[in-house]
Each structure stands twice: as structure tokens, then as C-alpha cells.
Amino acid sequence: MRLHRGGTKTFNHPVVGYMELAYDSMDLVAAPGLVLTTYTAEPATPSADNLALLASWAATEAASTLADGLDQTDTQTSPAGTTNSD
């Protein structure tokens, strides 16, 4: 069996669609058995646009999750036994 350390892969993401991405893999010396793989898109291609859209969507989802968590923390009971609700 031959391990591929680099090349291209095509993905069909359910949110952003098709992306053809170049990849490179490397062994992590500090963590034997683990491999780090990076994916990149050629600039100014539909794949680059879709990857940027995916990154934007993921950042929006993360920000929303963080805001929801902060809202829940704000309304929890304080140590004095009172609630912190606005």
C-alpha cells in the first residue's frame, strides 16, 4: 500500500458545493502516528470562492454559538443566590 503525501481531492460539501483542493500531508514528529494534512484552493477559482464561503459560514456559526453561550451564562444564578437577567 502506498501512502499519498500530496495531490488533489474533490469534495462535494452540502452547503457550498464542489471544491477541488490541493493537499499535502506530513507526519508529526512530536506525536508519532499522527499526520497533519492541509488543504488549499487555487486562487481566483470557484473552489477558492466556495472555500472562502465555507470559512465565512463556519465563523458565523461559531460566533452564534459563542453568543448563545454568553447569553446563557448571563442569566444563570450568581453566587449570592440572585439571577443576572436584564
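**Group meeting: a three-strand, one-helix chain**

Let us start with T8, which lies in strand β1. I should say at once that this is a predicted model, in which local features need pLDDT of at least 70 and side-chain atom pairs count only at pLDDT 80 or more, while totals for chains, interfaces and linings use all residues. Residues are numbered from 1 along each chain as its sequence is written, and side-chain values use heavy atoms, with hydrogens and water left out.

T8 counts as exposed, at 55% relative accessibility. For this talk, buried means under 20% relative accessible area, exposed means over 50%, and partly exposed is in between, with a 1.4 Å probe and protein chains only. Leaving aside residues up to four places away in sequence, T8 touches E20, L21, A22 and Y23; a contact here is a pair of heavy atoms within 4.5 Å. From T8 to Y23 the C-alpha distance is 5.8 Å, although 15 residues separate them in sequence.

I turn now to the overall layout. The protein chain has 1 helix and 3 strands, in the order β-β-β-α along the sequence. Helices (H or I, at least four residues) and strands (E, at least two) are DSSP runs, numbered from the N terminus. Of the 86 residues in the protein chain, 13% are buried. Among contacts with a separation of 6 or more, 21% join residues 24 or more positions apart.

Which residues does N50, in helix α1 (residues 46-74), touch? They are V16, G17, Y18 and M19, again not counting residues up to four places away in sequence. N50 itself counts as buried, at 18% relative accessibility.

The next topic is the aromatic residues. A pair of aromatic rings is described by the distance of the centres and the angle of the planes. Rings of Phe, Tyr and Trp (its six-membered ring) pair if their centres lie within 6.5 Å; planes under 30 degrees apart count as stacked, over 60 as edge-to-face, and the rest as tilted. How many aromatic pairs does a search of the whole structure find? The search finds 2. One of them joins F11 and Y39 edge-to-face, at 5.4 Å centre to centre and 80° between the planes. That pair links distant parts of the chain, with F11 in strand β1 (residues 6-13) and Y39 in strand β3, 28 residues apart. Both rings belong to partly exposed residues: F11 has a relative accessible area of 30%, and Y39 one of 35%.

Y39 also pairs with Y23; the ring centres are 6.1 Å apart and the planes meet at 40°, so this pair is tilted. Because Y23 lies in strand β2 and Y39 in strand β3, the pair ties together parts 16 residues apart in sequence. Y23 is buried, at 9% relative accessibility. Ring pairs thus link F11, Y23 and Y39 into a cluster.

Y23 has a further partner: K9 lies over the face of its ring, at 5.0 Å from the ring centre. A charge sits over a ring if NZ of Lys or CZ of Arg is within 6 Å of the ring centre and within 35 degrees of the ring normal.

Finally, the surface. The accessible surface of the protein chain comes to about 6,800 Å², and 58% of that belongs to carbon and sulfur atoms; such areas come from the Shrake-Rupley method with a 1.4 Å probe, and for residues only the protein chains shown count as cover. L34 lies in the loop between β2 (17-27) and β3 (35-40) and is partly exposed, with a relative accessible area of 48%.
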